[in-house]
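Please look over the model shown here with the notes below to hand. They take the DNA strands in turn, then two helix pairings.

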Number of protein chains: 2
Amino acid sequence: MTIKEVCEKYDITADTLRYYERVGVIPEVTRTPGGIRDYQETDIAWVENAICFRDAGMPVEMLIEYVKLYQEGDSTIDARTNLLKEAREYILEARKKYDIALKKLDYKIGRYEIAQKTGVLTWTCDEDDKKKG
Amino acid sequence: MTIKEVCEKYDITADTLRYYERVGVIPEVTRTPGGIRDYQETDIAWVENAICFRDAGMPVEMLIEYVKLYQEGDSTIDARTNLLKEAREYILEARKKYDIALKKLDYKIGRYEIAQKTGVLTWTCDEDDKKKG
DNA sequence: TCTTGACTTAGAGTTAACTCCAAGTTGTAA
DNA sequence: TTACAACTTGGAGTTAACTCTAAGTCAAGA
């Protein structure tokens with residue numbers, strides 16, 4: 001699979017894919033004899049992982065660390081497990097914050113919709129919220 | 001409340017608080033006659049909102065837009081409601097990605113823990129996952 | 001009053017994560 | 001075999017969101 005095909009499949013730029021490889025977010029990609037990237041299933045699986053975890057806000061540094069450990073072989077299984085668990089906490093923590101924001105948003109939207117329907121800003125029970133918009 | 005107290009309360013730097021005010025993520029904060037920031041309840045409510053939505057990955061630009069609309073008065077209620085709904089979609093979308101990453105992590109952690117317990121990398125049913133680490 | 005530490009501003013610098021550029025190479029189609 | 005698009009690299013540039021610096025002002029205690 002060419003870099004272009006991978007780009008299109010995952011809606012990501014070629015520059016980003018090359019950047020990921022250069023800094024070690026993914027291991028080195030398989031090449032043609034001429035030196036052109038030819039993504040195999042395994043390469044693509046790494047790309048998929050990288051995108052998935054970056055989408056979840058994981059820092060590039062953490063992904064690099066994981067790939068480095070992976071390349072050191074079986075002796076790093078413990079370290080990798082720990083890293084994955086750390087990542088898990090990281091994501092759970094972040095998701096908690098998303099839920100709080102969502103709750104706040106739903107509350108605000110509800111009030112604004114009442115204001116729209118009635119044509120007036122009718123809230124009176126929550127001066128603080130009224131003041132802060 | 002002084003800037004220092006607000007910093008400590010929300011675990012955020014004074015620089016960030018001043019930055020938020022400067023670029024309009026929050027409206028201008030109440031000052032003492034000498035020009036020193038003296039956060040009132042309303043100011044703090046804005047700070048809380050800013051932190052909450054930034055924590056949920058909302059871009060600063062979006063918060064600035066909201067504050068701008070808020071300051072333009074009641075005529076912008078529709079626009080504000082739309083902005084809030086857009087923010088809601090944004091966060092829901094992001095959270096979906098967090099859930100996907102979490103699922104992937106849980107799967108990997110499960111397999112690594114088996115490897116740790118048995119002392120061997122025993123997975124055989126999923127060559128692809130094995131290869132990609 | 002003087003000192004000292006926290007505050008102020010404008011503006012420059014930093015960091016993470018890309019994103020772009022120039023100059024050269026590869027591979028396919030005519 | 002020549003054109004030409006798509007690829008390659010190293011390195012510079014960009015963007016968002018802070019973070020720091022310098023030079024000065026404010027305010028509480030000795």
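1. DNA strand C has 19 residues around it, counted when a heavy atom lies within 4 Å of the strand. Asp15(A), Tyr20(A), Arg54(A), Arg18(B) and Arg37(B) are the closest. Of the strand C atoms within 4 Å of the protein, 76% are sugar or phosphate, and bases make up the rest.

2. A note on conventions. This is a predicted model, where local features need pLDDT of at least 70 and side-chain atom pairs pLDDT 80 or more, while totals for chains, interfaces and linings use all residues. Residues are numbered from 1 along each chain as written, chains are lettered from A and ligands numbered from 1 in written order, and side-chain values use heavy atoms, without hydrogens and water.

3. Polar contacts to strand C come next (pairs of N or O atoms within 3.5 Å; within protein, one must be able to donate a hydrogen and the other to accept it, and residues adjacent in sequence count only if both atoms are side-chain atoms). The side chain of Tyr20(A) places an N or O atom 2.9 Å from a phosphate oxygen of DNA strand C. The side chain of Arg18(B) also has an N or O atom 2.9 Å from a phosphate oxygen of this strand. Val60(A) uses a backbone N or O atom, 3.3 Å from a phosphate oxygen of strand C.

4. Which elements each supply at least two residues of the surface near DNA strand C? They are helix H2 (14–23) of chain A and helix H1 (3–10) of chain B. Helices (H or I, at least four residues) are DSSP runs numbered from the N terminus. H2(A) gives the largest share, five residues. By class, the surface near strand C holds seven nonpolar, five polar and seven charged residues. Here Ala, Val, Leu, Ile, Met, Phe, Trp, Tyr, Cys and Pro are nonpolar, Asp, Glu, Lys and Arg charged, and the others, Gly among them, polar.

5. DNA strand D is surrounded by 18 residues, the closest being Arg18(A), Arg37(A), Asp15(B), Tyr20(B) and Arg54(B). Sugar and phosphate make up 76% of the strand D atoms within 4 Å of the protein. A base is reached too: a side-chain N or O atom of Asp15(B) is 3.4 Å from a base nitrogen of DNA strand D. The Tyr20(B) side chain has an N or O atom 2.9 Å from a phosphate oxygen of strand D. For Val60(B), a polar backbone atom is 3.4 Å from a phosphate oxygen of strand D.

6. Within chain A, helix H4 (residues 60–72) packs on helix H5 (residues 77–118) at about 160 degrees, with axes 10 Å apart. H4(A) is therefore roughly antiparallel to H5(A), a label for angles over 145 degrees. Axes are lines fitted to C-alpha atoms over the stretch in contact, with angles from 0 to 180 degrees between N-to-C directions. The H4(A) side of the contact (heavy atoms within 4.5 Å) includes Met62(A) and Leu69(A), and the H5(A) side includes Leu83(A) and Ala87(A). Eight nonpolar, no polar and three charged residues form this contact.

7. Between chains, the axes of helix H3 (residues 41–55) of chain A and helix H5 (residues 77–118) of chain B come within 8 Å and cross at roughly 125 degrees. H3(A) is therefore oblique to H5(B). Among the residues that meet are Glu48(A) and Phe53(A) in H3(A), and Lys97(B) and Leu105(B) in H5(B). The contact has six nonpolar, one polar and five charged residues.

Technical notes
Parallel < 35°, antiparallel > 145°, perpendicular 65-115°, else oblique.
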